Amino acid sequence: MSGHPDSPGRTPGATLSSVTERKETTKESDGARPAPSGHGDDTAASLGDYRATFYAARVAMAVLNRDGLVLAANPAFGELVGTDPAELVAATAADLTDLGADTRVWTAYREVLCGRSDRMHCTRRLKHPEGHSVWVEVTVEPLTPEPLSGEERMLLSVADISDRHDLLARLRHLQMHDPVTRLPNRTLFFERLAAALETASFEPSGTGRIGLCYLDLDGFKAVNDTLGHRVGDRLLSAVAQRLTRCAESAADRGTGRGGHLVARLGGDEFALLVEDSTGTDQLAELAQCVLDALQRPFDLAGQRLSVSASIGVVERTATGTTATGLMQAADTTLYWAKEDGKARWTLFDPERNAHRMTRQALSSTLRPAVDRGEFTLEYQPLVGLGDGRAQGVEALVRWRHPQFGTLSPNRFIALAEENGAIVELGRWVLERACYQARAWQLAHPDEPLFVSVNVAVRQVWDSDLVADVAGILAETGLPPELLQLELTESAVMGSAGRPLQALQALSDMGVRIAIDDFGTGYSNLAYLSRLPVSVLKLDGSFVRGFRSQEHPNPADEMIVEALVALAHRLGLTVTAECVESAEQAERLRRIGCDTGQGWLYSRPVAPDRVEALLDAGRHTGA
């Protein structure tokens, strides 16, 4: 802006009475020639108009020199600061308008005064002489230099925006708060979280740490479904009040500079943010306070309701922590709390999280690993306890992971069952095992080995297992009697409908069905007689009870003896797993167990080593 009367769009009042009088005095003292007729009168009239406009303006204005000192101020400015305008001359404008309180504002202001910037604009809160606060917009910009002296001047204008600011504040409050609980919502929570992380990273007076309790109400959906959303909203509001009291109580006891923020993130999820936390003990105490508060019943419009919460607790240094990373850790820990039984708080564990991340990495790469050929099979012999000769082998899959090395089935089979990759992987294992068994049959036609392959119950449900087996047997040329499929006891005993039909069709085809880990499930023996099963594989926990004669476990031996007798009465054969000593093998043989499997005979080995084991068994048998 400029006070030059001939400049378009300039602010009136750029030439003030004091400045005009100074110019007129200078002209007289210099003996300047009078202005041409009529021109001086027009100029004086114009200057008078500007002075009148400046002093009559409702916007507070002042003219400053390059040092930021007031040269002139209008009555509106004097009213704003509670001082007679005449007394403001030579006052420091930055002090009057609070421009020095903010480093960025002060720097921008100095840039204008020094001529390196054309304009500065900011919002400040000033203290009105009557005691209330006034929100103002402050603008500083250069005026046209004094015509005679060349003095450079600035125009400072201060507009009262209190009404607009209050309206925007109310709108922002509505935008940033949850209408049901009146708590800060997700948007405001993340805004505060980002600010807290930024402040804690460089604020020397704080602890430099941050904490978060992330909670979810257990069973809240049932309240909404049975009693309606109106009751559900009342419950959420009551929960919010108790959380707020817990946070206020904890803040009173703690040393945190920023206090504790309680927010509703959506649904039945809440968060308690602790700025400048002092350690995990502080967060654990807050989480326990929340659990205790929510355990008390809620009386809502004649309804007595009880809820609990699962809470994920994270506490760490702010440096290097991002809002996304903190929330991911809190969400993971909340999941652990629910997984561990709900109605509890769980502290973030980096080691457990690393295991989860590894598990997730394995799960996401399972399907591509089958296509890349990262899986391989090893085989463990099934040896007759009577003659010590191998009768079959169990195919055991291994994952040669490029990052984690060779992984045993217990590291990835459960993941494959969860994400459905077990269908594709199981089909590959079945095909490779049948090809290998066919190769052994052709090499040793007089003493062929059967191959036993583990099958997950999901393979029965999610694929046409019968068609897959039939197709693979036809493709490889392996006789059905040389294939044995193993299913866990819980899967087989609970079979009904399609699974039972599939097992029956496989049995009718000539494929042997074995119950793996028998004795670890619910062992519905009455149901066992109606299943198309030909083999029971006793869980290794029974065999481990067959210790030395000095420390026998008669209970295990009696159970195994009874199970073997029962199986034989039903026409089934029995295989004992985890046979590790000759003494165990001998006692199992005396009981009547048919075959054994374990490290006594061999660890799982590659296919080429099975040939050597077979030769050794034949020489032993001879």
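**Figure 1. Overview of the protein chain in the predicted model.** Of the 622 residues of the protein chain, 44% are classed as buried. The secondary structure of this predicted chain amounts to 23 helices and 21 strands. Among contacts in the chain with a separation of 6 or more, 64% link residues that stand 24 or more positions apart. The exposed surface of the protein chain comes to about 30700 Å², and carbon and sulfur atoms supply 50% of that area.

**Figure 2. Close-up of strand S6 and its surroundings.** Strand S6 covers residues 209-218. Nine of its ten residues are buried, so the strand is largely enclosed by the rest of the structure. The cut-off behind this reading is a relative accessible area under 20%.

**Figure 3. Pairing of strand S6 with strands S11 and S8.** Strand S11, residues 308-317, runs antiparallel to S6, and ten bridges join the two. Within this pairing, Tyr 214 has Gly 312 of S11 as its bridge partner. Strand S8, residues 269-275, is likewise antiparallel to S6 and is joined to S6 by seven bridges. In this second pairing, Gly 211 stands opposite Val 274 of S8.

**Figure 4. Close-up of Gln 295 in helix H10.** Helix H10 spans residues 280-295, and Gln 295 belongs to this helix. The relative accessible area of Gln 295 is 56%; a value over 50% counts as exposed, so Gln 295 is placed in that class. Val 307 lies twelve residues away from Gln 295 in sequence, while the C-alpha atoms of the two residues are 6.6 Å apart in space.

**Figure 5. The largest pocket of the model and the residues nearest its centre.** Rolling a probe the size of a water molecule over the atoms reveals where empty space remains. The largest pocket has a volume of about 1100 Å³. Its lining is made up of 39 residues, and those nearest the centre are Glu 394, Leu 396, Pro 409, Asn 454 and Asp 516.

**Figure 6. Elements and residue classes in the lining of the largest pocket.** Several elements give two or more residues each to this lining, including strands S14 (390-401), S16 (450-454), S17 (483-488) and S18 (512-518). Helices that do so include H13 (413-419), H14 (421-443), H15 (457-462) and H20 (540-544). Strand S14 provides the largest share of the lining, with five residues. By residue class, the lining of the largest pocket divides into 17 nonpolar, eleven polar and eleven charged residues.

Definitions and conventions: Residues are numbered from 1 along each chain as its sequence is written. This is a predicted model: local features need pLDDT of at least 70, side-chain atom pairs count only at pLDDT 80 or more; totals for chains, interfaces and linings use all residues. Side-chain values use heavy atoms; hydrogens and water are left out. On a 1 Å grid over the protein atoms alone, a cavity is a set of points where a 1.4 Å probe fits but cannot get out, and a pocket is an open set with protein on both sides within 12 Å along at least five of seven lines; lining residues have an atom within 4 Å of a point. Grid points are joined across faces, edges and corners, and a volume is the space filled by probe spheres set on the points. Helices (H or I, at least four residues) and strands (E, at least two) are DSSP runs, numbered from the N terminus. Ala, Val, Leu, Ile, Met, Phe, Trp, Tyr, Cys and Pro count as nonpolar, Asp, Glu, Lys and Arg as charged, and the others, Gly among them, as polar. Buried means under 20% relative accessible area, exposed over 50%, partly exposed in between (1.4 Å probe, protein chains only). Contact means heavy atoms within 4.5 Å. Accessible areas come from the Shrake-Rupley method with a 1.4 Å probe; for residues, only the protein chains shown count as cover. Two strands pair if DSSP finds at least two bridges between them.
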